[in-house]
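Let's take a walk through this protein together, one feature at a time. Keep the structure open next to you as you read.

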Amino acid sequence: MKIICVGRNYAAHAKEMQAEIPQKPVIFMKPDTAVLKPGQDFYYPDFSKEIHYECEVFFRIGAEGKYISPKFVYRHIDGIGLGLDLTARDLQQQLKAQGLPWEIAKAFNGSALISEIYPLRNAGNKNEEGAFIDYKDIQNLHFELKVNGELRQRGYTGDWIFPLETLVAYISQFFTLKTGDLIFTGTPAGVGPIHIGDILEGYLQSKKMFTFRVM
Ligand code: ZN
């Protein structure tokens, strides 16, 4: 599986990064080795002194497709979760300044922390057991990240610059989406550093989605 992420999908975050609002989605990827699942701890790597959290709603692909038309996107999505797109901001800034690709700053081991994945109601899956979100509501979701119990990020998916339909249609022109792939939808404002000893907790529609420790 692969993880496809979108950068700058919330205007307030683009602004805090002193970046322009994009005209087209800004896409990057993480390999499967980036995934960290519930119950695993994140080990702070030696190559960075400034790892940032970016809390993001993500979706799972339930049916393979390419050139997916926006109106059929729901058929290709079967699950939702909340994750962290960890970013080595110091490396990313250096690479950006030199006009170089950012992979090592974004796609390193353990850089994609993901919650359990819940089925979406009325989407591309037959088994809806445990679902608590309906596909039609995906652009009306509130989520939060707390660090050591303190609120750091509060997001609302209605603020997306590019909705999921647009993202999936765009991405699937370039990359065949396969069952199990994840699409991260970008982070709201409020990104900041993590430190060894931190406890990171994510909530989606008030439901506790994950707890990760930084070691
Ligand atoms: Zn991100």
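There are zero disulfides in this structure, which is a predicted model. Why is Cys-5 left without a bond? Its sulfur sits 13 Å from the closest cysteine sulfur, the one in Cys-55, and that is too far for a bond. A pair of cysteine sulfurs would have to lie within 2.5 Å to count as a disulfide. Look at it from the other end and you get the matching picture: Cys-55 is in no disulfide, with the sulfur of Cys-5 as its nearest cysteine sulfur, 13 Å away. Cys-5 is buried, with a relative accessible area of 0%. Cys-55 is buried too, and its relative accessible area is 0%.

Now step to the metal. Which residues hold the zinc ion? Glu-54 and Glu-56 each coordinate the zinc through OE, and Asp-85 does so through OD, at 1.9 to 2.1 Å. If you like to read sites as sequence patterns, the donors follow the spacing E-x1-E-x28-D along the chain. Both of the glutamates, Glu-54 and Glu-56, are buried.

From there, have a look at His-76, which you'll find in the loop between β5 (55–61) and β6 (77–85). Is this loop histidine buried or exposed? His-76 comes out as buried, because its relative accessible area is 14% and the cut-off for buried is under 20%. A polar atom of the His-76 side chain lies 3.4 Å from the backbone oxygen of Glu-64. Setting aside residues up to four places away in sequence, His-76 touches Arg-60, Ile-61, Gly-62, Ala-63, Glu-64, Gly-65 and Ile-68. So Glu-64 turns up both in that contact list and as the residue offering its backbone oxygen to the polar contact.

Next, the sheets. An open sheet of three strands runs in the order β7-β4-β14, with antiparallel pairing. Its edges are β7 (87–88) and β14 (192–193); each has a single partner strand, so one side of each is left without a neighbour in the sheet. Strand β4, residues 51–53, pairs with β7 over two bridges in the antiparallel sense. To find that pairing on screen, look for His-52, whose bridge partner in β7 is Thr-87.

Another set of strands centres on β15. Strand β15 (residues 199–204) and strand β16 (residues 207–213) pair antiparallel over six bridges. Together β15 and β16 form a hairpin with two residues between them, and Gln-205 in the turn has a positive phi of about 50°. Right by the turn, Leu-204 stands opposite Lys-207 in β16. Strand β15 also runs antiparallel to β11 (residues 142–147), and five bridges join the two. Gly-202 is a handy residue for seeing both pairings: in β15 it is the bridge partner of Leu-145, while in β16 its own bridge partner is Phe-210. How much of β15 is hidden? Five of its six residues are buried, so β15 is largely enclosed by the rest of the structure.

Helix α4 is worth a stop as well. Within α4 (residues 164–174), the buried residues are Leu-164, Leu-167, Val-168, Ala-169, Ile-171 and Ser-172. What do they pack against? The buried residues of α4 meet β1 (2–7), β2 (26–31), β5, β6 and β13 (182–184). You've met β5 and β6 already, as the strands on either side of the His-76 loop.

Finally, zoom out. The protein has four helices and 16 strands. Along its principal axes, the C-alpha trace spans about 45 × 35 × 30 Å. Is the overall fold compact or extended? For 215 residues, a compact globule would have a radius of gyration near 17 Å, and the protein has 16 Å, so the value agrees with a compact globule. Of those 215 residues, 52% count as buried. And among contacts with a separation of 6 or more, 72% come from residues 24 or more positions apart.

Technical notes
Residues are numbered from 1 along each chain as its sequence is written. This is a predicted model: local features need pLDDT of at least 70, side-chain atom pairs count only at pLDDT 80 or more; totals for chains, interfaces and linings use all residues. Side-chain values use heavy atoms; hydrogens and water are left out. Buried means under 20% relative accessible area, exposed over 50%, partly exposed in between (1.4 Å probe, protein chains only). A polar contact is a pair of N or O atoms within 3.5 Å; within protein, one must be able to donate a hydrogen and the other to accept it, and residues adjacent in sequence count only if both atoms are side-chain atoms. Contact means heavy atoms within 4.5 Å. Donors are N, O and S atoms within 2.8 Å of the metal (3.2 Å for Na, K and Ca); water is not among the atoms, so sites may look incomplete. Two strands pair if DSSP finds at least two bridges between them. The radius of gyration is taken over C-alpha atoms; the globule rule is 2.2 Å times the number of residues to the power 0.38.
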